[in-house]
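Trainee: I am new to this structure and should like to learn how its terms are applied. May I ask you to explain them one by one?

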Amino acid sequence: MSEIVLKTEGLSKSYTVKHKTILALNDLNLQIRRGEFVAIMGHSGSGKTTLLNILACLDRASAGRVLLNDVDVEKLRGSQLNRIRRDKIGFVFQSFNLLPYLNARENVELAMEGSKQSKGERSARARELLGMVGLSGREEHRPSQMSAGEQQRVAIARALANDPAVILADEPTGNLDGKSKGEVLNLLLNLNIKQGTTIVIVTHDNQVAGEAERVIRLAGGRIKSEGKGNLARRKKEFARRAGGVVAGDTLGQPETPHDEPMDRA
Ligand code: ADP
Ligand code: MG
């Protein structure tokens, strides 16, 4: 399998409202490698959400294409598209989007609907994932019985349910207070460092983006600049200590300043 999980080629998206055309994405070329943690920043209206929605196959481009694990998603229709959305992409929303009448476990199980697993297997997987995000013992709680940070951790567990190729998150800490923001950020960092999960987050928070590996800034639907965040330096240090090998599993051992809450698993 290619090292490139997601690739856009000449991606453009225009919206026409009252005879006026807005170019939300303008010939955007982007590559996300397996195991990367990328933050996308940019002012309001710069095209961040449009880009993420197209990457998640929730919306279609006006021109150009998106390759997900080398598959041109533009060519997919109906059930094929649904399957790729379910199996290859884990999406995390700013406002969690949990179903209020289902408990945490049921919300996670719902993501596995239509998979080959039995009811029992889905339930076991949901418990395992909730443990991984530090919510053991909270499986039967409904969203209204959990804090905002806990709800977002349930949403992250749900996004991981089908072991996706990439987690896409649109402002995942945007609705959280400082403490919960730190917990959710550390959880995402740990998933990336310890399990090699590929993560792309949109954020306008400098502190959050600063912890990422790669920081991409959008302006006017194009990439304006690219830089490195703290995680790039940390990974280099892990690799140096591990003898030059950079891989998800080898990163689990060295101590990191971000050990909550995945270590409770
Ligand atoms: P961001 O997430 O960076 O704030 P968006 O991707 O939401 O930016 O929007 C990019 C541009 O596209 C903005 O000018 C926005 O007004 C416009 N836009 C987004 N969605 C629509 C839509 N459904 N219809 C018309 N214009 C849209
Ligand atoms: Mg947005």
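Mentor: The following exchange sets terms against their definitions.
This is a predicted model, in which local features need pLDDT of at least 70, side-chain atom pairs count only at pLDDT 80 or more, and totals for chains, interfaces and linings use all residues. Residues are numbered from 1 along each chain as its sequence is written, while chains are lettered from A and ligands numbered from 1 in the order in which they are written.

Trainee: Why is aspartate 70 called exposed?

Mentor: A residue is exposed if 12 or fewer other C-beta atoms, placed from the backbone, lie within 10 Å of its own, buried if there are 20 or more, and partly exposed in between. Aspartate 70 has 10 such neighbours, so it counts as exposed. This residue lies in the loop between β4 and β5, and its phi is positive, near 70°, although it is not a glycine.

Trainee: What makes aspartate 27 partly exposed?

Mentor: Aspartate 27 has 15 other C-beta atoms within 10 Å, and therefore falls in the partly exposed class. It belongs to strand β2, and its phi, near 55°, is again positive in a residue other than glycine.

Trainee: How do you know that β4 and β5 pair?

Mentor: Strands (DSSP runs of E, at least two residues; helices are runs of H or I, at least four; both numbered from the N terminus) pair if DSSP finds at least two bridges between them. Strand β4 (residues 63-68) and β5 have two bridges, in the antiparallel sense. Leucine 68 has valine 71 of β5 as its bridge partner.

Trainee: In what order do the strands of the open sheet stand?

Mentor: The four strands run β2-β1-β4-β5, with antiparallel pairing. β2 and β5 (71-72) are at the edges with a single partner strand each, so one side of each lacks a neighbour in the sheet.

Trainee: What span is expected of helix α6 (residues 178-195)?

Mentor: The expected span is 1.5 Å times one less than the number of residues. For the 18 residues of α6 this is 26 Å, and the helix reaches 25 Å from its first C-alpha to its last, close to that value. Its buried residues include Val184, Leu188 and Ile193. Glycine 196, with a positive phi near 70°, follows α6.

Trainee: Which residues surround ligand 1?

Mentor: A residue is near a molecule if its C-beta atom, placed from the backbone, lies within 6 Å of it. Among those around ligand 1 are Tyr15, Gly45, Lys48 and Thr49. The largest share of this shell, three residues, comes from α1.
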